[in-house]
Amino acid sequence: MEEPKEYMRLRGVFDTFQRVQSLVLTADPPETPYTSKYQARELLGQMVAETQALTLTMGTGAGAEGEGEGTPDTTVLKDFVAYLHHLIGVLAYETEETSAAVTHLSQSLAWLGPRLQVDTAALGHPPADADADAESEADSLPVALVSEALSPGVSLALAQLLVRSLNQMGVVWTNRQDPTRGMHYLKAAEALYRTHVMPHIEALKSGALGVRTVPPCGTEPVPTDTDTGSEGADTPAGSDCQDGWWLPPICPQWIESLHTYTVFFLAQVYSALGEASLAAEYCRTTLDRQSAQGGVDVSEWVSNAVDLVAYYEGQGQLGSVRHLLSQARAMLDSPSASLDTDAEDHKELIAKLNVAEGNLYSGVIAASRNTLTRWEDACHEARAAGEAVPVRPRAFVSMDVDVAPDPAETREGTDADADADTDADTADVALPPMDTDTSDGAEDEMPLLSRSQAYELFNKAYAHYQQALDVFKLEGFVTGHVAVLFRVCDAYLALSSFEPQASMQARLHRRRELLLSRVLPQLNPQHYLVLMREMHFRVAHAQMDLFDIKQERVQSLCEAIEMAANPEALIAQLPQGEREAYSKALKVGLMSLQSLRLFHKTYEQEVRRRLQRDDASYSHGLPEGVDDVIELLDGPEDVAGYLQGLFDLGRVQFRLPVIDSDRRIVFLEDAVQCFARVVKYGGQVTTQAMAQQRNLCKEMLRLLTAKVHQLKRIRMQSRSLSLVAAGTEEEGGTVAQDGDVDVSGSEPVTNADSVADSPETDTSAHGDSGLDAQD
Amino acid sequence: MRGHSASPAPGRGSNFKVVVRVRPPIPRELDGGQYVNVTKVNDDSKVITISENLTGDRGDEPAIYSKHMFTFDHVYNQDSDQRTIYENTAREAVLSTLEGYNATVMAYGQTGSGKTYTMEGYQGEERRGIIPRSVEEIFANIQSGASENKKYLVRASYLQIYNKQITDLLDPARGHLQIREDKKRGVFVEDLSEWVVRSPSEVYHLIGKGSAERATGETRMNYMSSRSHAIFIIICEQCETVPLPPDAQADPSKEPQQNVKIGKLNLVDLAGSERVRDTGATGSRLQESTNINSSLCILGNVIAALTDSKPRTYIPY
């Protein structure tokens with residue numbers, strides 16, 4: 001039987017497809033890189049024209065009597081035309097004609113969308129309010145349920161084409177600096193997958209849909225957008241010309257990959273929109289899908305997972321952290337993962353994973369501490385208001401039990417995903433349940449830990465950190481090594497709040513200090529100034545925590561010194577133990593002062609470098625018209641850091657238990673200067689914490705100024721009395737001797753070089769606000 | 001009309017310069033007869049306006065254009081020559097290396113946009129790029145500045161970042177190199193070879209040797225598109241001996257003071273910035289393109305961190 005002429009024309013159109021395929025794969029010379037693509041576009045344009053002409057013929061001609069617009073044949077041809085427009089759009093984008101790409105992709109969407117009852121026209125017109133909540137916009141996307149007019153197979157096939165066009169539009173608009181519009185297309189693609197693809201994917205895999213399927217081809221993750229259905233496809237004459245006869249065969253894995261691309265693009269779009277939590281959510285979904293689909297580069301996957309863990313850790317979503325880390329370990333342990341375990345990159349990746357795992361354990365301790373702190377604060381406020389004290393937060397099963405619980409007894413009920421967790425350590429009982437829900441962005445509220453649980457978790461964290469440090473050695477990995485040390489310090493700090501004994505707390509703070517202070521002298525500030533800044537700050541705070549503990553031991557003594565007419569004599573009469581305690585408190589207070597000054601010095605060095613770079617004749621001091629080095633700092637973040645140091649400096653100097661009244665006054669005057677500078681420049685930092693500190697500084701200024709006046713008055717009176725007494729004694733032929741100078745406040749600390757010099761009395765002349773030529 | 005600024009705010013981060021060079025149309029683009037110049041450089045050479053045809057190829061319909069303005073430290077138009085670009089943009093950085101500073105000149109852009117032309121250029125006085133001009137400037141300064149008391153040592157290295165792996169282009173046998181941090185020296189590439197050079201021709205010889213080793217991939221976009229980032233490093237070491245004053249010269253216990261300055265010039269030719277979908281890449285090429293894009297992304301992050309004041313991580317509480 002002779003083939004109808006319309007089918008012959010269609011066969012010609014399909015023959016052209018072969019040429020398009022060949023042209024798209026052609027590698028053009030650098031002088032004419034797009035020649036073949038231009039030709040492919042031209043051919044596709046001719047195919048569109050020919051098919052549209054056929055549509056008219058078949059819709060109105062004698063050969064299609066009784067058929068009109070919307071009959072199966074013309075509808076199918078229009079499906080095909082829409083697909084051709086999609087391909088032209090992709091090629092236009094690849095040849096950097098984005099406007100043309102949008103035009104053709106829009107035409108594809110304009111036909112395919114209504115076919116699947118998706119109002120794609122609305123997608124091209126984002127709401128006028130560009131700042132509207134992206135999530136709420138996305139919730140009202142015009143995606144309907146599956147059209148009942150289409151068979152599931154055709155619906156699925158058309159849906160995957162529509163997803164491809166929507167994905168492409170999402171990419172085009174995002175790259176055209178309009179991520180909001182891009183987001184709308186991608187969200188539609190996401191919704192389409194849920195409504196039109198997901199319900200049929202199992203049937204597709206089993207062949208129940210009657211759609212031709214192909215296995216995945218090699219390692220290619222998705223079909224290229226210029227794949228056509230010509231290869232191996234039946235021509236109309238060979239088929240019964242039903243819906244979708246021209247469609248390329250479907251690979252179930254490709255459909256899943258297409259959706260993976262949708263969520264991956266959405267992650268990038270939300271990142272561009274500044275929606276961090278949504279971006280993270282889609283990153284995590286991408287990772288989950290990659291993990292489920294397999295065939296992924298394990299190292300790459302684990303690396304991405306570890307990076308994402310850092311985000312969730314920062315959000316306090318430790319259940320998500322645990323879930324991702326568990327997946328990462330499972331990926332690495334998978335027999336199918338072919339990894340070169342001796343490679344440097346692999347070792348570093350495992351070290352990063354160890355750090356992340358250490359952070360999880362340490363984070364649980366810190367989160368538990370925060371829970372306790374919040375409860376204690378609430379109790380304090382309740383008592384002050386005469387209200388009922390809130391109920392103590394729930395504890396883990398083994399709370400207040402010093403013996404580690406039997407994991408078999410406690411595991412149930414604490415770990416929702418126990419089967420997935422292969423780590424059967426007893427400390428797991430104190431971990432948050434794994435959070436497998438990507439949409440939950442809430443911070444995990446941690447139950448209280450017992451001391452033994454806290455130590456157990458700490459030991460696990462410490463073991464992971466040690467493994468990381470075996471790779472991230474100081475020599476070769478300075479920043480990485482110090483970053484792990486910071487984490488160890490954080491773990492010690494978190495653990496200290498579970499330690500009831502002050503002496504043990506002091507030991508933990510001392511370890512924080514030593515970990516960093518041993519490394520600091522080894523580093524070259526020329527290369528590691530910013531890193532050293534943070535190290536000095538952390539050392540200072542460890543010393544301040546130590547100072548708090550040691551000062552508390554001698555609190556009553558300090559108060560007595562404050563009131564004593566002759567403090568030197570008072571110290572001299574103290575028992576040896578108390579004298580030593582006093583001495584230690586003073587020493588660690590002075591050490592923290594020195595660390596804070598070194599912290600400030602890093603800012604000043606940076607400013608000096610900049611001044612020298614900009615003006616070769618610059619030597620030292622503040623440039624004309626500048627009152628304070630703070631005015632030269634590089635932005636509000638630097639100002640905030642510097643002011644934090646000033647606040648700490650003022651606080652320590654205010655509390656320093658110095659006996660010698662002259663030195664006491666000097667320290668207090670310097671504290672006044674520190675607080676005054678915070679008040680003066682704190683307005684540049686708009687954080688709530690700084691506002692609170694600034695208010696506190698104002699109050700301290702008022703108190704300290706009065707105190708300094710009072711001390712100066714007492715000193716004057718004391719000196720007057722001394723002169724009178726000296727005059728009287730001289731008459732008697734004797735001279736009074738100084739008291740015990742060792743405890744006067746100028747006592748040297750162990751490392752003489754690290755003792756802070758006395759601050760300048762008159763800071764307005766230069767003091768701490770200038771740039772020292774000797775720095 | 002939308003505006004963007006690619007430059008750091010005035011007075012901050014002034015040791016960074018971001019400039020744009022507009023490539024003139026190539027013959028193929030002119031041949032079609034449809035060439036439209038969509039860029040306009042303002043008179044102050046700091047702002048470029050790009051007009052985008054929003055209507056696409058809709059035949060007879062009048063075109064509607066959207067304009068986008070971008071501000072840079074400098075914008076070079078199509079007519080700019082190699083000499084002007086070197087002298088206005090790169091020369092200051094090159095000379096600073098002789099004073100002991102580290103400097104970097106890098107070119108970024110899509111394949112075919114003229115990065116290699118700008119960095120390397122062609123032979124001949126007018127068409128030479130930044131690299132040959134830098135090398136000659138360095139040696140010319142050394143020649144005029146060297147004396148009995150002032151000596152120079154120039155070393156060169158050439159590395160490639162390809163698929164996240166660093167290789168030594170001048171000693172490929174060294175294989176997969178690692179970036180390390182030394183406590184005193186800062187960041188360095190472990191085991192990267194350094195070659196002492198005494199003249200521009202010796203430098204060119206090394207560049208030629210290294211270029212032959214560079215990985216190039218054939219994409220559908222461009223046969224010769226560079227698929228790797230390449231960094232040519234010139235280290236200038238200057239040692240100046242300060243003679244003892246006459247009255248101290250007789251004292252055998254006193255030695256002349258030596259001032260040493262070490263500056264490093266990094267000349268970077270980045271891989272093409274085209275996206276994965278632009279190259280129509282699939283399979284192994286997709287993997288390669290992905291790596292190129294992600295490493296470009298990392299480099300972009302580094303640049304952003306440097307220009308956007310500094311990475312601030314310290315306040316831990």
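**Chain B and two loops of a predicted model**

Trainee: How many helices and strands are there in chain B?
Mentor: The model is a predicted one. In chain B, the secondary structure comprises seven helices and 14 strands.

Trainee: What percentage of the residues of chain B count as buried?
Mentor: A residue is buried when its relative accessible area is under 20%. Chain B has 317 residues, and the share that counts as buried is 39%.

Trainee: Among contacts in chain B with a separation of 6 or more, what share comes from residues 24 or more positions apart?
Mentor: The contacts considered here are those in chain B with a separation of 6 or more. Residues 24 or more positions apart account for a share of 64%.

Trainee: What part of the area that chain B exposes do carbon and sulfur atoms supply?
Mentor: Chain B exposes about 17100 Å². Of this area, the part supplied by carbon and sulfur atoms is 52%.

Trainee: Is B:T111 buried or exposed?
Mentor: The UniProt annotation "binding site", from an unreviewed entry, includes B:T111. This residue lies in the loop between β7 (102–107) and α3 (115–119) of chain B. Its relative accessibility is 14%, and the cut-off for burial is under 20%, so B:T111 counts as buried.

Trainee: Which class of exposure does B:S113 have?
Mentor: B:S113 is also placed in the loop between β7 and α3 of chain B. Its relative accessible area is 29%, which falls between the 20% and 50% cut-offs, so B:S113 is partly exposed.

Trainee: How far apart in space are A:V658 and A:S556, C-alpha to C-alpha?
Mentor: A:V658 sits in the loop between α22 (636–655) and α23 (661–681) of chain A, and it counts as buried at 5% relative accessibility. A:V658 and A:S556 are 102 residues apart in sequence, and their C-alpha to C-alpha distance is 14 Å.

How values were computed:
Residues numbered from 1 in each chain as written. Chains lettered and ligands numbered in written order. Predicted model: local features only at pLDDT ≥ 70, side-chain atom pairs only at ≥ 80, totals over all residues. Heavy atoms only, no water. Helix = DSSP H or I, 4+ residues; strand = E, 2+ residues; numbered from the N terminus. Buried < 20%, exposed > 50% of the residue type's maximum accessible area, 1.4 Å probe, protein only. Contact = heavy atoms within 4.5 Å. Areas by Shrake-Rupley, 256 points an atom, 1.4 Å probe, with all protein chains shown as cover. UniProt positions renumbered as here; feature names shortened; annotations may be inferred.
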